[in-house]
Amino acid sequence: MLQVFDLQTEYINNPMGLDTKTPRLGWKLKADRKNVMQQAYQVQASVNESFIDVVWDSGKVESDQSQRIIYDGPELQSMERIYWRVKVWSHHEESEYSQPAFFETGLFEVSDWKAKWIEPEGEIDLDAYKPAPYIRKEFSVKKGLVSARAYMTAKGLYHFYINGTEGTDDLFNPGFTSYNKRLQYQAYDITNLTQEGQNAIGIILGDGWWRGSNGAMGTKNCFGYKLAFLGQIVLKYEDGSQEIIASDDSFKTSYGPILKSDLKAGELFDARIEIDGWNKPNFDDASWRPVTISDNGYEQLIATRSVPVRCKEQFAPEILITPNGETVLDFGQNIAGWVEMKVQGVAGTEVVLIHGETLDREGNFTLSNLSLPWNGEEHFQEVHYFIKGSGIERYRPHFAIFGFRYVLLKNYPGEVKAENFTAVAVYSEMEETGDFTCSNPLINQLVTNARWSQKGNFLEIPIDCPTRERAGWTGDAQLYSRTATDFMNVYTFFEKWMADVAAEQFANGCIGNTVPNGFAHNKEERERISSQNTDPLIASLGLEEKPGEASILDGSSGWGDAAVIIPWTMYLCYGDKNILKQQYQSAKAWVNYMDACTKTANEHYKDTPAYHTYSDGELDATFIWDTKFHWGEWLEPDFSEMTSVEAINEFFTNRLTLSDPLVSTAYYAYSTRLLSEMAAILGRKEDEDKYSKLYKKIKKVYNQYFIPDNGIILNDRQAPNVRTLAFDLVYEDKKQAVADRLAEIVKEKDYHLNTGFLSTPFILHVLADNGYKDMAFRLLEQDTCPSWLYAVTKGATTIWENWDSVTPDGDLTGSLNHYSYGAVCDFLFTGVAGIRPVFEKPGYKHFLIKPLQGGTLTHASAKYESLYGTIESSWEMTDKGVSYQFVVPANTTATVMLPGNQNDLESLVTAFKDATYYDGRIVFEVGSGEYNVTL
C-alpha cells in the first residue's frame with residue numbers, strides 16, 4: 001500500500017499567519033514494498049476541508065520531488081485559509097489522497113493593520129527592575145460568528161487571555177529577533193475561546209529581551225525603555241460581515257502581582273495583590289488608567305518564523321539537606337526552564353527559589369561556576385513569591401527562564417515535599433529526528449547530554465548557555481549546526497536566525513559575535529552607559545561601540561563564518577536552496593570582508609617572508625589574514641583561564657596586536673570555497689569562478705607558509721592539524737604527513753584531547769579518514785580529563801563549557817551547559833552508524849550508509865527522521881561476523897559501503913548484483929526497504 005502522510009507547509013504542520021504568497025509544501029511516503037520511488041504527484045487546494053471548491057489542481061506532475069513543492073494556485077490574500085491534499089503514483093500503484101492539511105496567511109499589507117501601538121507605562125526608572133503591565137479591553141461578539149483571529153506583537157514579551165483562558169501554549173512571544181529591523185507578530189485562532197455576547201481580552205507584558213538584562217554583562221534597555229503592545233482581533237460572521245477590535249486608547253492598564261519580570265534575574269510575584277477576574281468580562285476597571293498611543297510604525301513587522309517555545313519534559317525532585325543546613329531540590333537533569341510550585345502558608349511569607357547547575361565539593365548549593373569577573377549582578381535566576389494566604393496556591397514564572405538542575409529553597413512554609421515541585425523543561429519545540437545507541441553506556445549518556453544541551457540552548461535563538469550569558473554566539477552555532485541537524489529538525493530555526501544575522505551584518509560585511517546584538521540598538525542607552533562607565537575592560541569588550549558600527553571584537557574568524565557555514569549546512573541536510581538564496585549576499589559580504597582585511601598589513605609581521613614574496617604578481621601576505629581580533633581555538637584544555645581582569649586584558653591585547661593568522665586564514669579559505677560552491681548551485685557563474693580562483697590562491701599560500709613537509713604546523717598542536725585536514729587545505733603530497741603528525745600529537749597527550757571549540761567537531765573524522773580509525777575510537781572512549789566521557793563519569797547530564805568545568809579535585813571552572821563540545825555526536829551518526837547526506841542529492845534524497853566499527857563497541861545503532869522518512873543503520877558483532885541492518889525510506893536511494901573483502905563481495909553479488917569492491921569496502925546501491933547483511 002502506498003500512503004502519503006505528514007504534510008507540511010513551510011516545514012510546519014498546519015501553520016498560522018504565513019507571510020509568503022508562495023509557501024513550500026512537502027510530504028512523506030509509506031510503502032509496503034521495496035524500491036518505491038514516486039513517479040508523479042497531484043496537489044489539490046481548496047478553501048474548505050471538504051474540497052467542494054478546488055481552487056488549485058496541479059494535475060498529474062511527473063516528478064519524484066516530494067519536498068519544497070511551491071504552491072501555485074490563485075494569489076493568496078491576507079487572512080486566508082487554504083486546505084491542501086496530495087496523491088502520488090509510483091511504478092507499482094497509485095495512492096489515495098492524503099488527509100488534508102492547511103495553512104493560513106497573515107497580514108500581507110500594512111493597510112491590514114488597524115491596530116495602533118499602545119504603551120501602558122508612564123514615567124519609569126531606567127535602572128530599576130519594573131513591574132509587568134496588565135492591559136484589558138472588553139468587546140462584544142454577535143450571533144453567527146464563523147471565525148475569530150488574533151494578530152499580536154509587543155515590544156517586550158506578551159501573554160494574552162480571552163475570557164480568562166490563556167490564548168496559546170506558545171511562550172516568550174513575539175520571539176527574539178533584531179527588533180529594530182524584524183519584529184515578529186503571531187496569528188492565533190481564538191474562535192473556540194470567544195462567546196456570543198460580552199468578551200474580554202487581557203494582556204500581560206514582560207521586559208524580555210527588549211529591555212531586560214541581556215548577555216554576559218547583564219545590560220538592560222538594549223532595544224528600548226518602554227514596553228508596547230500591538231494587536232487586533234478579527235471577527236467574521238456568517239453574513240459575510242467583519243469586525244475588528246484593535247488596540248487603541250480605549251484599552252486600559254494597571255499593575256498586578258508581577259513586580260519584576262526579567263529573563264535572567266528572575267521574577268518577583270506578590271500573590272496578595274492578584275487581580276481576580278481582570279481578564280474576564282464584566283470586571284470593574286474604573287480605577288485602571290488609559291493607555292497611551294505611541295507613534296511606532298509597522299515597517300519592521302514580519303509574520304513569525306519562530307519555532308514555538310513550549311513547556312516540554314517534567315521532572316520531580318529529590319529533597320536534599322546540604323551540609324550547611326540548606327534545603328535544595330535536585331531534579332536530576334540540567335535543563336532550561338522553571339519550577340512549578342504548590343505552596344500554602346501565612347499571607348506575606350516570602351518563598352525564594354534560586355536556580356543553579358551544581359553543588360560545590362562540600363555538597364552545598366553554589367552559583368560560583370556561573371560568575372564572571374566583571375559580572376556583579378545583584379540578583380540572578382531567582383524567584384521571590386509572596387504567599388496570598390488563601391489555601392493551596394500554584395505558581396510558575398511568566399517571563400523568566402533559568403538554567404538549573406538544583407534549586408535552593410528558602411523560607412518554604414511547612415514540610416518540603418517533592419510532590420509540590422515540578423521542574424519543567426522549556427525550549428523551542430523542534431521535531432526530534434535522531435538517536436544513537438551503542439554498547440558503551442558512557443557514550444549513550446554523552447548522546448543524551450548533547451541532546452539536552454541542545455534543548456536547553458535552542459530557545460528562540462541558539463545561545464551559548466541558558467544561565468550566565470544566553471547570547472547568540474555565532475561561533476558556537478556554526479560549529480554545532482551539523483550535529484544539531486542530527487538530533488532535531490532545525491531548518492526553520494536556523495532559517496529564521498540567519499535572517500537576523502544578515503539583518504545585523506555591518507555595512508562592511510563584518511558579522512557580530514552575537515546575534516541579535518544585546519548591546520548596540522538603543523543609542524540613547526549606549527550613550528548613557530558610556531557616560532557612566534570608565535572601566536577600560538568594559539570598553540574592550542565592546543560596550544562603547546556605536547550603533548551601526550562593529551566593535552573591535554566583532555568579525556572574528558570561526559564566528560563570522562556562520563554567515564557561510566550554517567546556510568551551507570542547512571542546504572546539505574535539508575536540500576532547500578531557499579536558505580542559500582536568502583543568505584547569499586550576506587555570505588558573500590562576509591567573504592569580501594575577510595578578503596579586504598587581508599589587504600591591510602600587520603606591522604608585527606612585516607619582516608616575515610610572505611611580506612616580501614610575490615606569486616603571479618600578487619604579494620603572498622595579501623592572502624594571509626593576520627589582522628583584527630579573533631577568539632581563535634577557544635577553550636583548549638591548556639588554555640589559560642581568564643579568571644581575572646588582568647588575564648582578560650592580556651588575552652585581548654595579544655589577540656588585537658598579533659591576531660591569529662593560522663585560524664583566520666584557514667576559515668578565510670574554507671568559507672571562500674563554500675561560497676564558490678553556493679554560487680555554482682545558484683547559477684552565479686561569475687562568482688563561482690571568482691571565488692574558486694581566490695580559494696586556490698589562499699590554499700597555495702596556506703600550504704607554502706603554514707604546512708611544512710614534516711606536517712608540523714607552526715605551534716604543533718592538535719587543532720591546526722585537524723582544521724587543515726577537515727577544511728581540505730593541504731596538498732595531497734603533504735596530507736599524510738599532517739595526519740601522521742596529528743596522530744603523534746594525540747599519542748603524546750596520552751590519547752587525550754587538546755582541541756578547543758573550533759576543531760573538536762572534526763578530530764575523530766579526520767583521524768578515521770586518514771588511517772587512524774583505532775586512535776579515533778580510543779579518543780572517543782577516553783574517560784579521563786580532557787575527554788568527552790570525563791564529564792559523564794563526573795555525573796554530567798549536559799555538555800560542559802570547559803573540558804574540566806568540574807576538575808578532578810572538584811573545583812568549578814565554568815558553565816555546565818554549553819552545547820559546543822557535543823558536536824562530537826555527529827561522528828556517531830555519520831561515522832559509527834554511517835548515515836551521511838551527499839552533496840549531489842542533498843537533504844537525504846540520496847545518502848550514504850558507511851558504518852565504522854572500532855574500540856570496545858560490539859554494536860551501534862542510529863535512527864534519523866529525514867524529510868523523506870526514517871533512515872536506520874545498525875551493526876552488531878556476532879559469531880558469524882558483523883550483522884548490518886539498515887532502512888531506506890520510500891522515495892529515496894542509498895549507496896551502502898560496508899567494511900569487507902573480496903570474499904565478502906562474492907557472497908553479496910546474488911542479492912546485490914551491482915556490488916563492487918573498493919578501498920576495503922563492499923559498495924552497492926539500494927532503493928527503499930529494510931535490509932539485513934552479515935559479513
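# Close-up views of a predicted model

**View A. The lining of the largest cavity is made up of nine nonpolar, four polar and four charged residues.** The structure shown here and in the views that follow is a predicted model. This cavity encloses about 160 Å³ of space. Its lining consists of 17 residues, and those nearest the centre are Trp209, Ile401, Leu459, Ile463 and Arg470. Nine cavities of 30 Å³ or more are counted in the model. In general, empty space left among atoms can be found by rolling a probe the size of a water molecule over them.

**View B. The second largest cavity has a volume of about 100 Å³.** The lining is formed by 14 residues, with Trp788, Ala791, Ile799, Trp800 and Trp803 nearest the centre. Two elements each give two or more residues to this lining: helix 2 (441-457) and helix 16 (788-793). Which helix gives the most to the lining of the second largest cavity? Helix 16 does, with three residues. Sorted by class, the lining holds nine nonpolar and five polar residues, and no charged residues.

**View C. The largest pocket of the model has a volume of about 1800 Å³.** It is lined by 45 residues, and Ala726, His765, Asp769, Thr830 and Arg836 are the closest to its centre. Among the elements that give two or more residues to the lining are helix 3 (474-487), helix 7 (562-574), helix 10 (661-681) and helix 12 (718-726). Others that do so include helix 14 (763-769), helix 17 (825-832), strand 39 (835-837) and strand 44 (893-899). The largest share, five residues, comes from helix 3. By class, the pocket lining has 23 nonpolar, ten polar and twelve charged residues.

**View D. Helix 3 packs against helix 7 at an angle of about 10 degrees.** The axes of helix 3 and helix 7 lie 9 Å apart. Because angles under 35 degrees count as roughly parallel, helix 3 is described as roughly parallel to helix 7. On the side of helix 3, the contact involves Thr474, Ala477, Gln478, Ser481, Arg482 and Thr485. These residues meet Ala562, Ile565, Ile566, Thr569, Met570, Cys573 and Tyr574 of helix 7. The contact is composed of seven nonpolar residues, five polar residues and one charged residue. Both helices also give residues to the lining of the largest pocket.

**View E. Five strands form an open sheet with antiparallel pairing, in the order 34-41-42-43-47.** At the edges are strand 34 (434-438) and strand 47 (929-934), each of which pairs on one side only. From one strand to the next, the twist averages 5 degrees. Helix 17 packs on this sheet and touches strand 34, strand 41 and strand 42. The direction of helix 17 makes about 80 degrees with that of strand 34. Helix 17 also gives two or more residues to the lining of the largest pocket.

**View F. Two hairpins are found within the sheet: one is formed by strand 41 and strand 42, and another joins strand 42 to strand 43.** Strand 41 (residues 859-866) and strand 42 (residues 869-878) run antiparallel and are joined by eight bridges. How many residues lie between strand 41 and strand 42 in their hairpin? There are two residues between them. Ala862 has Ser873 of strand 42 as its bridge partner, and Lys863 stands opposite Glu872 in strand 42. In a regular strand, side chains alternate between the two faces of the sheet. Strand 42 is also joined to strand 43 (residues 881-888) by seven bridges, and these strands run antiparallel. Here the bridge partner of Ser874 is Gln885 in strand 43. The hairpin from strand 42 to strand 43 passes through two residues.

**View G. A cis peptide bond leads from Val515 to Pro516, and another joins Cys785 and Pro786.** For the bond from Val515 to Pro516, omega is near -5 degrees. Pro516 is placed in the loop between helix 4 (491-503) and helix 5 (523-532). For the bond between Cys785 and Pro786, omega is about 0 degrees. Pro786 belongs to the loop between helix 15 (773-781) and helix 16. Helix 16 is the element that gives the most to the lining of the second largest cavity.

**View H. Met79 has a positive phi, near 55 degrees, although it is a residue other than glycine.** Met79 is in the loop between strand 6 (69-70) and strand 7 (81-90).

Terms used: Residues are numbered from 1 along each chain as its sequence is written. This is a predicted model: local features need pLDDT of at least 70, side-chain atom pairs count only at pLDDT 80 or more; totals for chains, interfaces and linings use all residues. Side-chain values use heavy atoms; hydrogens and water are left out. On a 1 Å grid over the protein atoms alone, a cavity is a set of points where a 1.4 Å probe fits but cannot get out, and a pocket is an open set with protein on both sides within 12 Å along at least five of seven lines; lining residues have an atom within 4 Å of a point. Grid points are joined across faces, edges and corners, and a volume is the space filled by probe spheres set on the points. Helices (H or I, at least four residues) and strands (E, at least two) are DSSP runs, numbered from the N terminus. Ala, Val, Leu, Ile, Met, Phe, Trp, Tyr, Cys and Pro count as nonpolar, Asp, Glu, Lys and Arg as charged, and the others, Gly among them, as polar. Two strands pair if DSSP finds at least two bridges between them. Axes are lines fitted to C-alpha atoms, for helices over the stretch in contact, and angles run from 0 to 180 degrees between N-to-C directions. Contact means heavy atoms within 4.5 Å. Angles under 35 degrees count as roughly parallel, over 145 as roughly antiparallel, 65 to 115 as roughly perpendicular and the rest as oblique.
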